[in-house]
Amino acid sequence: MNVLFEILHRWLAPLGTELPPLYLVGGAVRDHLLRRTPKDIDLMCSDPRAFAQRLGASHGAAVVPFVGKADTPCFRVVSRGNQGDFLDVVDIQGDSVEADLARRDFTFNAMAMRVQADGKPGEPIDLFRGQRDLEQRCVRATGAEV
């Protein structure tokens, strides 16, 4: 079984099938496509505070709000038994997942995967051809503003 799937399944299974639309984003997608164990896992949804609290309650885990960028709410859900076992829950920036991805820096960080209720990630949402850039070992900005 894939390490990413195992982690997501362990965290999400106690919530059942009633999940909001969740997306794996950023470095975790890149690491998954490169067949690496992700260093951190970012899940994106429309109400990160509520989802992080629900996730934390289902595991008896701590929910820690991050004060990074003022316009980007982020909540870390950390296992009380293992501080290295955590998920970050972030807000969708913009009107859609696609708008959020367009705001990201490099093409290989501007990908997402819809996460199923069992924790299995779906096919990549790759608007900027980040998979191709990973295969070609190319660093390319998503747009002229970066």
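The following exercises, each with a worked solution, concern a predicted model.

**Exercise 1. Cysteines and disulfides**

Determine how many disulfides the structure holds, and explain the result for Cys45 and Cys74.

Solution. Begin with what is being sought. A disulfide is a covalent bond between the sulfur atoms of two cysteines. The cut-off for such a pair is a sulfur separation within 2.5 Å. For Cys45, the closest cysteine sulfur belongs to Cys74 and lies 11 Å away, which is too far for a bond. The search from the other side gives a matching picture: Cys74 has the sulfur of Cys45 as its nearest cysteine sulfur, at 11 Å, and takes part in no disulfide. Over the whole structure, the search returns zero disulfides.

As a further step, classify the surroundings of the two residues. The limit for a buried residue is under 20% relative accessible area. Cys45 has 1% relative accessibility and therefore counts as buried. Cys74, with a relative accessible area of 11%, is buried as well.

**Exercise 2. Positive phi outside glycine**

Consider Arg35 and Arg137, which have a positive phi although neither is a glycine. State where each residue lies, and decide whether each is buried or exposed.

Solution. Take Arg35 first. Its phi is about 60°. Arg35 belongs to the loop that connects α2 (27-33) with β2 (42-45). An exposed residue has over 50% relative accessible area. Arg35 reaches 77% relative accessibility, so this residue counts as exposed.

Now take Arg137. The phi of Arg137 is about 55°. Arg137 is located in the segment after α5 (130-135). With a relative accessible area of 78%, Arg137 is exposed. Gln136 is also found in the segment after α5. Gln136 counts as exposed, at 53% relative accessibility.

**Exercise 3. A pocket and its lining**

Describe the second largest pocket: what is its volume, and which residues line it?

Solution. The volume of the second largest pocket is about 160 Å³. Its lining consists of Arg30, Leu34, Arg36, Phe108, Asp133, Leu134, Arg137 and Cys138. Sorting this lining by class gives four nonpolar and four charged residues, with no polar ones. Arg137, discussed above for its positive phi, is one of the lining residues.

**Exercise 4. Strand pairing around β6**

Identify which strands pair with β6, and in which sense.

Solution. Strand β1 (residues 22-25) pairs with strand β6 (residues 112-115) in the antiparallel sense, over four bridges. Within this pairing, Leu24 has Met113 of β6 as its bridge partner. Next, β6 pairs with strand β7 (residues 121-125), again in the antiparallel sense, over three bridges. Here the bridge partner of Val115 is Pro121 in β7. Finally, examine the connection: β6 and β7 form a hairpin with five residues between them, and Gly119 in the turn has a positive phi of about 100°.

**Exercise 5. The surroundings of Val63**

Locate Val63, state its exposure, and list its contacts beyond four places in sequence.

Solution. Val63 is part of strand β3 (residues 62-66). The partly exposed class runs between the limits for buried and exposed. Val63 falls in this class because its relative accessible area is 31%. Leaving out residues up to four places away in sequence, Val63 touches Ala52, Gln53, Gly56, Phe75, Arg76 and Val77. A further step concerns Val97, which is 34 residues from Val63 in sequence and 24 Å away in space, C-alpha to C-alpha.

Definitions and conventions. Residues numbered from 1 in each chain as written. Predicted model: local features only at pLDDT ≥ 70, side-chain atom pairs only at ≥ 80, totals over all residues. Heavy atoms only, no water. Helix = DSSP H or I, 4+ residues; strand = E, 2+ residues; numbered from the N terminus. Buried < 20%, exposed > 50% of the residue type's maximum accessible area, 1.4 Å probe, protein only. 1 Å grid on protein atoms, 1.4 Å probe; cavity = no way out; pocket = protein on both sides within 12 Å on 5 of 7 lines; lining within 4 Å. Points joined across faces, edges and corners; volume = space filled by probe spheres on them. Nonpolar A, V, L, I, M, F, W, Y, C, P; charged D, E, K, R; others polar. Contact = heavy atoms within 4.5 Å. Pairing = 2+ DSSP bridges.
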